[in-house]
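Trainee: I would like to go through this structure with you. Where should we start?

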Amino acid sequence: MTTFILILNFGIWKASKNESDYIWPHPLKSNKIEKLTCFQNLIPSSWMFFLLVSRILSESGDADIIQSYMDEKNYQGAVQYATQVIISPNFSPNEISIYYLRGQSNYQLHNFVEAIEDFDRVLNSTKSDQKMRKNAHKSRGFCNINTGKIEQAKIDQQKAEDEELTKFYNEIDALYTQIKTATTEGKYDVVFQAYDTLAEKCRYSLDMKIEAAKYALKLGLEDKFLEISTKVVELEPSNLEILELRGIYFLCNADHDFAKRHLLTCAKKAKDKSKCQKLNRYNNEFQNYFNKFAEAENTSNVEDASKFYEKVHKIANGACKNTSKLWVKAETLKARTMAINGTIRGAISYLNDLDDAFPNNTDVFTARADINFNQGDIDEANRDYQAAKRIDDKIQHVNDRILEIFNIHEAERNVNYYELLNLSHDFTKTQLKDAMRKATRLYHPDQYSDPAKKKECERMMAKINRGVEILGDPVKRAVYDSGDDPDNPGFKAQQEKQRAEEERLKREAEEAKLAREQAAKAAEGLNDEKKAQLLNSDNINPPRHFVFRGIDFGNNGNPFGINGNPWIVDL
């Protein structure tokens, strides 16, 4: 075509050569041509025709390049090239095929919003042919479904007349019908399942996921709520609706730090901040009143304890259901208040009821353990503390109490049984029996009605019985007199040996570290060879014959342990 236009213009120039000196015509400056024959009107029009064909050929070339990217499944490259063409100065909005190809590439990349914009241009243009329009409707229909725009997808489905799109749309429409029916009948589990399926099919629809998350929360499906809401946060971290939902969830789950994080972000970004601010105030006030209750409990102030219990109970009832962890946490204060008031059995009974209704709740375990601990029943308390630790090993109060109980048991194991039974080291069997009778009369638990005193006597009787058992057995007595544990002969010596070995390793590691630091300082300013000799000296890194816990590691042992810890070795 280009060759034809050049030949045509050359012919016109030859025909006009006899009339005048020919100035090559420009379509925008045709008034400069003065002496032309009948070809006068043909010269500028031929140039315009040439430019038009050139532009068509150029558009076709760009489209071919974009299509070649798409054929190679390099959709990102196709989008980038198409965008460069569109933003170029010579691009005409009527070159609709470029928008169409970019839309199809964005669709393949799951850039559905951008794809819809390009398909809108194609479908609003009069330059697109029937085949292009149907394909645009089909792809835009899938984009609309993926982004949850079901009404728009219906229009595309009708105009595309595509079997695949129609089948997909009908599946979505059936789920919507199911949701309407189930909502009317109050079958919220069915509603959730339908929204959950929609969220999977409309993968990039935030609205579907948020609705699924709402019903998961309504049904108490915590794992599903967290799974779905996390996906929403990944797609749109500042989505206010999901921030509020997650804030409510963490508040009612008594996870105050996570609740605060979500609710503060929500309050900062929301136009109507009142709800998020109110929930965050609930969160802060609950913690504040809970801490004040603990202060009242420590001073046995029943009046203040009752007041702060009422406040946290009101917050929990106002913000959450009476099955939430926050509500249960508030109710444990009721039992604690009863204990402060001296109603120990009632408090334990109430906590037992809570435990039956809400199994494996750390707040119930901890409250019951605290009451038993304060009453001197440390073995019963330890069972609940250990149960709480198995669920959450980061509760500081629980860990502190477990350590305290361990130390109490250690002190009991190290008790002086001679002093306990008021015996000399050369006692007779008769004296041992007399000591046993006297201690029993003094500490027998049946003579006390007070539960705390009874527990204390039970523990004392356990020590007395243990002392009589050890001192009455010649073999165990000999081990005990040697300073060892009668139930584990040699264990104490082994512990001491191990402790001494660990201390030695720690000391050597610290000495080696100090030597290296001093050597590094001394090596400043030396050349590389002398520096290497100094730092690799046996004085700085001496070989060690390493023995730990009975295992000989030889000279290649690692005296510096695992992860830089000089006295912990992973065996």
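Mentor: Start with Y188, which sits in helix α9, residues 188-201 (helices are DSSP runs of H or I, at least four residues, numbered from the N terminus). This is a predicted model: local features need pLDDT of at least 70, side-chain atom pairs need 80 or more, and totals for chains, interfaces and linings use all residues. Residues are numbered from 1 along each chain as its sequence is written, and side-chain values use heavy atoms, without hydrogens and water.

Trainee: Does Y188 count as buried, partly exposed or exposed, and why?

Mentor: Buried means under 20% relative accessible area and exposed over 50%, with partly exposed in between (1.4 Å probe, protein chains only). Y188 has 30% relative accessibility, so the class is partly exposed.

Trainee: Which helix gives the most residues to the largest nonpolar core?

Mentor: A nonpolar core is a set of buried Ala, Val, Leu, Ile, Met, Phe, Trp, Tyr and Cys residues joined through side-chain atoms within 4.5 Å. The largest has 93 residues, and I98, I145 and L198 touch the most other members. With 8 residues, the top contributor to this core is helix α16.

Trainee: Which residues does L198 touch, leaving out those up to four places away in sequence?

Mentor: Contact means heavy atoms within 4.5 Å. On that basis the partners of L198 are I172, L175, Y176, I179 and M208.

Trainee: What is the average pLDDT of the chain?

Mentor: pLDDT is the predictor's confidence in each residue, from 0 to 100. Of the residues, 79% score at least 70, and the chain average is 81.

Definitions and conventions:
Helices (H or I, at least four residues) and strands (E, at least two) are DSSP runs, numbered from the N terminus.
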